[in-house]
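Colleague: I would like a close look at one part of this protein, the loop around the buried arginine, and then an account of how the rest of the chain is built around it. Please take your time and keep to what the model itself shows.

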Amino acid sequence: MGGTLDLCHRPNVSGRAMATSGPSKGQGGLDTVVLRHVSGASAEIYLFGATLCSYKTSDGAERIFVSPGAIYDGKKAIRGGVPLVFPQFGQPDKAMAQHGVARTAMWTLKSVSDGVDASCATFSLSDNDDTRKVWDHAFALEFTVVLSAVSLKMCLRVTNTGSAPFNFQALLHTYFKIPDIGECAVRGLAGRSYSDKVDNTTKTEGAPHIELPSFTDRVYLGAEPGAKDVLVGSKAGTCSVVAVNEASVVGQAVPCDVVVWNPYEEKSPGDLPPPAFKEFVCVEPGMVGKFYELAPGSSAELSQKIIPS
Ligand SMILES: O=P(O)(O)OC[C@H]1O[C@@H](O)[C@H](O)[C@@H](O)[C@@H]1O
């Protein structure tokens, strides 16, 4: 298990607040890293799954949802936060767990740094006996969190460290905290084709914004390469966060898919006791519409920058 760091304020010689490091424990006694930026913004990441479970802006407002029924036993994926999905989305390979191996693996803290511009932490995970049993490939993952006064950026880097190509999917399963799913609207996906997992059909998004009045599970396929802004806000037109989603393979931008999910009571799993479903919407950047091939020595990146408004 990797070490832990808790970054807390202390004055430096000039009297300006800086961040420092120290050990920290989260729920269930699990090790976490807490980033505290000089602006007052903070983020907490569990080494278990490298799951980011909190992002607070400088006003102290929490932007990320974690279920009140989340289980912190170091075995089950944490229900909420930003679980990391790799190397499969869903369960196309029934021999492997749903959403792959990364969200239930113990990651290692690789580096942490603090600056006036940003506080940053990088976590790593490589193939091991557990991952090899279900996915027999050599890989290295790096998950980097960059916290600034005005944003939080998460980037998952996938590297093929073996001698043969492999196919993978990846996704950042972000649970955004919202006041009321019934009033929520997601903007920026109009005109995209999507796979509707509720009725197993393929459709084109005709609405200018997406509302979620009932169980919603959609995979919006990326349209063109490059950054894509998706706005989470209200039907009334307010915007609470902008999510800038990007994907690339070997440094070349590729279209980034976006999953929009809320189970409502109907599909709430056991660790999401109703009415908790009302308090979040998942807007998840992904490379999931197909499998991506990665050559030996090559890397792919998937990122989401959250800019609260
Ligand atoms: O319960 P899990 O494994 O965390 O998955 C939650 C949901 O994750 C979403 O990304 C999928 O589109 C849904 O189909 C799935 O139900």
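Modeller: What follows starts with the arginine and its loop, and then moves outward to other loops and to the chain as a whole.

This is a predicted model, and everything below should be read in that light. The arginine in question, R103, sits in the loop that runs between strand β7, residues 84–85, and strand β8, residues 108–114. R103 is buried, yet it forms no salt bridge, and the nearest side chain of opposite charge, that of D271, is 7.9 Å away. Since a salt bridge here requires a side-chain nitrogen of Lys or Arg within 4 Å of a carboxyl oxygen of Asp or Glu, the 7.9 Å to D271 does not qualify. What the side chain of R103 does reach is a backbone atom, namely the oxygen of Q98, at 3.2 Å. If residues up to four places away in sequence are set aside, R103 touches F48, G49, T51, A77, P83, L84 and Q98, so that Q98 appears both as a contact and as the residue whose backbone oxygen is reached by the arginine side chain.

The same loop, between β7 and β8, also holds K94, and there the setting is of another kind. K94 counts as exposed because its relative accessibility is 66%, whereas R103 is buried. A polar atom of the K94 side chain lies 3.0 Å from the backbone oxygen of Q91. For a sense of distance across the model, K94 and T161 are separated by 67 residues in sequence and by 25 Å in space, taken from C-alpha to C-alpha. P87 is a further member of the loop between β7 and β8, and the peptide bond that leads into P87 from F86 is cis, with omega near 0 degrees. Most peptide bonds are trans, which is the reason for pointing this one out.

Two of the residues that R103 touches are F48 and G49, and it is worth turning to A50, which lies in the loop between β5, residues 42–46, and β6. A50 counts as buried because its relative accessibility is 0%, and its phi is near 50 degrees, a positive value in a residue other than glycine. Strand β6 covers residues 51–56 and includes K56. K56 counts as partly exposed because its relative accessibility is 34%. Beyond its neighbours up to four places away in sequence, K56 touches A41, S42, A61 and E62. K56 and F89 are 33 residues apart in sequence and 28 Å apart in space, C-alpha to C-alpha.

A second loop offers a useful parallel, and it is the one between α2, residues 264–267, and β23, residues 280–294, where S268 is placed. S268 counts as buried because its relative accessibility is 18%, and a polar atom of its side chain lies 2.6 Å from the backbone oxygen of Y264. Leaving aside neighbours within four places in sequence, S268 is in contact with P263, P274 and F277. One of these contacts, P274, is joined to P275 by a cis peptide bond with omega of about 10 degrees, and P275 is found in the loop between α2 and β23 as well.

N200 gives one more case of a positive phi, here about 55 degrees, in a residue that is not a glycine. N200 is placed in the loop between β15, residues 193–196, and β16, residues 201–204, and it counts as exposed because its relative accessibility is 71%.

As for the chain that carries these loops, it has two helices and 24 strands. Its radius of gyration is 19 Å, close to the 19 Å that the globule rule gives for 309 residues, so the chain is as compact as a globular protein of that length. Along the principal axes, its C-alpha atoms fill a box of roughly 60 × 50 × 40 Å. Buried residues account for 52% of the 309 residues. Of the contacts between residues at least 6 apart in sequence, 63% join residues at least 24 apart. The chain exposes about 12700 Å², and carbon and sulfur atoms supply 50% of that area.

How values were computed
Residues numbered from 1 in each chain as written. Predicted model: local features only at pLDDT ≥ 70, side-chain atom pairs only at ≥ 80, totals over all residues. Heavy atoms only, no water. Helix = DSSP H or I, 4+ residues; strand = E, 2+ residues; numbered from the N terminus. Buried < 20%, exposed > 50% of the residue type's maximum accessible area, 1.4 Å probe, protein only. Lys, Arg positive; Asp, Glu negative; His and termini not counted. Polar contact = N/O pair within 3.5 Å; in protein donor to acceptor, adjacent residues only side chain to side chain. Contact = heavy atoms within 4.5 Å. Rg over C-alpha atoms; globule rule 2.2 N^0.38 Å. Areas by Shrake-Rupley, 256 points an atom, 1.4 Å probe, with all protein chains shown as cover.
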